[in-house]
Amino acid sequence: MFIMEFMETKDTIKGLIQSNGWNYVRLAEEMNKFSNKKYTNKKLSQKILNETIQYNEMLLIYKILGYTFKIEKEDSE
């Protein structure tokens, strides 16, 4: 399990990519299959590093890597 609490977006995404044995080249190729945009490993790497990646791109990355994105309200007592 990959714990993502209190991590920056770039560290979260990089951690997921690495923990699944993927790299930016492979991820960009897969993103091209599911998107109307053209991704390259350099463009993708820069978006992640600069934290300019869009929400829908982040969700696509999670989906490709086999994750879901879930927001849960904390129990407040």
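# A four-helix predicted model, from surface to salt bridges

The accessible surface of the protein comes to about 5900 Å², and carbon and sulfur atoms account for 49% of that area. The model is a predicted one, and the values discussed here are computed from its atoms. Its secondary structure consists of 4 helices and 0 strands, so that the order of elements, read from the N terminus, is α-α-α-α. Of the 77 residues in the protein, 27% are buried. Among the contacts between residues at least 6 apart in sequence, 48% join residues that are at least 24 apart.

Helix H2, which spans residues 24-34, offers a place to begin. At its N-terminal end Asn23 acts as a cap, with a side-chain oxygen lying 3.1 Å from the backbone nitrogen of Val25. Within the helix, the buried residues are Leu27, Ala28 and Met31. These residues lie on the same side of H2, because they cover an arc of only 100° around the axis. An α-helix has 3.6 residues a turn, so residues three or four places apart point the same way. The buried residues of H2 pack against H1, H3 and H4.

H2 also carries a salt bridge, in which Glu30 pairs with Lys33 and the closest N and O atoms are 3.0 Å apart. Glu30 and Lys33 are separated by about one helical turn, because they are 3 residues apart in H2. Lys33 itself is exposed, its relative accessible area being 62%.

Helix H4, residues 55-64, contributes a longer list of covered positions: Glu57, Met58, Leu60, Ile61, Tyr62 and Ile64 are buried there. The cover over these buried residues includes helix H1 (9-19), together with H2 and H3. Just after H4, the backbone at Gly66 takes a positive phi of about 90°.

One of the buried residues of H4, Glu57, leads to the neighbouring part of the model, since its side chain meets that of Lys47 in a salt bridge with an N to O distance of 2.7 Å. Lys47 lies in helix H3 and Glu57 in helix H4, so this pair ties together parts that are 10 residues apart in sequence. Both partners, Lys47 and Glu57, are buried; for Lys47, which belongs to the helix formed by residues 41-49, the relative accessible area is 15%, and the cut-off for a buried residue is under 20%. The two side chains also make a polar contact, again at 2.7 Å. If neighbours within four places in sequence are left aside, Lys47 is in contact with Thr52, Ile53 and Glu57.

A second lysine, Lys10, lies in helix H1, and its C-alpha atom is separated by 8.8 Å from that of Lys47, although the two residues are 37 apart along the chain. Lys10 is partly exposed, with a relative accessible area of 23%. Apart from neighbours within four places in sequence, Lys10 is in contact with Ile48, Leu49 and Glu51.

Over the whole structure, a search finds 4 salt bridges. One of them joins Glu72 to Lys70, with the closest N and O atoms 2.9 Å apart. Both ends of this pair count as exposed, Glu72 having a relative accessible area of 56% and Lys70 a relative accessibility of 64%. Elsewhere, salt bridges that share partners join Lys37, Lys47 and Glu57 into one network.

The segment after helix H4 also includes Ile71, a residue that is exposed, with a relative accessible area of 69%. Ile71 takes part in a nonpolar patch on the surface, which Tyr55, Leu59 and Phe69 form with it, and the accessible area of the four together is about 420 Å².

Helix H4 thus brings several of these features together. Its buried residues include Met58 and Leu60, while H1, H2 and H3 are among the elements that cover the buried residues of this helix. Glu57 of H4 is linked by a salt bridge to Lys47, and Lys37 belongs to the network that these two residues share.

Conventions. Residues are numbered from 1 along each chain as its sequence is written. This is a predicted model: local features need pLDDT of at least 70, side-chain atom pairs count only at pLDDT 80 or more; totals for chains, interfaces and linings use all residues. Side-chain values use heavy atoms; hydrogens and water are left out. Patches are made of residues with over 30% relative accessible area and no salt bridge: like charges are joined within 9 Å, nonpolar side chains (Val, Leu, Ile, Met, Phe, Trp, Tyr) within 5 Å. Accessible areas come from the Shrake-Rupley method with a 1.4 Å probe; for residues, only the protein chains shown count as cover. Helices (H or I, at least four residues) and strands (E, at least two) are DSSP runs, numbered from the N terminus. Buried means under 20% relative accessible area, exposed over 50%, partly exposed in between (1.4 Å probe, protein chains only). A polar contact is a pair of N or O atoms within 3.5 Å; within protein, one must be able to donate a hydrogen and the other to accept it, and residues adjacent in sequence count only if both atoms are side-chain atoms. Contact means heavy atoms within 4.5 Å. The arc is that of the directions from the helix axis to the C-beta atoms.
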